[in-house]
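Reader: I am new to reading protein structures, and I would like to go through one slowly. Could we look at it together, feature by feature?

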Amino acid sequence: NTPLTDPCDRFARLWNRATARVCADGAANRLLDAYGARAFDAGTLALPHVVVGDLDSVLPATLDFFRS
């Protein structure tokens with residue numbers, strides 16, 4: 001659950017090229033916090049294919065965002 005900080009945006013390049021994009025529940029919060037909804041809406045960052053885990057640490061608003 002460490003915040004994402006990547007000044008060269010290597011994470012985004014790898015993430016967008018991945019054939020399977022999986023977030024653990026808390027990581028979904030970090031992903032949305034780091035890039036914001038606009039990055040997903042604009043297609044800058046691909047959506048996760050799935051959010052997994054017991055979902056105890058994902059915020060309801062984050063879960064709603066990725067469900068929509």
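Author: Let us begin with a term that we shall need: two residues are in contact when heavy atoms of theirs lie within 4.5 Å. Please keep in mind throughout that this is a predicted model.

Reader: With that in hand, which residues is Thr62 in contact with, leaving aside its neighbours within four places in sequence?

Author: Thr62, which lies in helix α3, is in contact with Ala28, Asn29 and Leu32 once those neighbours are left aside. With Asn29 there is also a polar contact, made from side chain to side chain at 3.0 Å.

Reader: Is Thr62 buried or exposed?

Author: A residue counts as buried when its relative accessible area is under 20%, and Thr62, at 4%, is therefore buried.

Reader: Which residues are buried in α2, and what covers them?

Author: The buried residues of α2 are Asp25, Gly26, Ala28, Asn29, Leu31, Leu32, Ala39 and Phe40, and what covers them includes α1, β1, β2 and α3.

Reader: How should I read the distance between the end C-alpha atoms of α2?

Author: One sets it against the span of a straight helix, at 1.5 Å a residue. Helix α2 has 17 residues and would reach 24 Å if straight, but its end C-alpha atoms are only 20 Å apart. Along the same helix there is a kink of about 85°, centred on Tyr35, and after the helix comes Gly43, whose phi is positive, near 85°.

Reader: Where is the residue that has a positive phi although it is not a glycine?

Author: That description fits Leu55, with a phi of about 65°, and Leu55 is found in the loop between β2 and α3. Its relative accessibility is 34%, so Leu55 counts as partly exposed.

Reader: How many aromatic pairs are there, and how does one tell how a pair is arranged?

Author: Rings pair if their centres lie within 6.5 Å, and planes under 30 degrees apart count as stacked, over 60 as edge-to-face. By this rule there are five aromatic pairs. Among them, Phe11 and Trp15 have ring centres 5.5 Å apart and planes at 25°, so this pair is stacked. Both residues lie in helix α1, four residues apart, about one turn of the helix. Phe40 and Phe66 instead form an edge-to-face pair, 5.4 Å centre to centre with 90° between the planes. Since Phe40 lies in helix α2 and Phe66 in helix α3, the pair ties together parts that are 26 residues apart in sequence.

Notes: Residues are numbered from 1 along each chain as its sequence is written. This is a predicted model: local features need pLDDT of at least 70, side-chain atom pairs count only at pLDDT 80 or more; totals for chains, interfaces and linings use all residues. Side-chain values use heavy atoms; hydrogens and water are left out. Helices (H or I, at least four residues) and strands (E, at least two) are DSSP runs, numbered from the N terminus. The expected span of a helix is 1.5 Å times one less than its number of residues. The bend at a residue is the angle between axes fitted to the seven residues ending there and the seven starting there. Buried means under 20% relative accessible area, exposed over 50%, partly exposed in between (1.4 Å probe, protein chains only). A polar contact is a pair of N or O atoms within 3.5 Å; within protein, one must be able to donate a hydrogen and the other to accept it, and residues adjacent in sequence count only if both atoms are side-chain atoms. Rings of Phe, Tyr and Trp (its six-membered ring) pair if their centres lie within 6.5 Å; planes under 30 degrees apart count as stacked, over 60 as edge-to-face and the rest as tilted.
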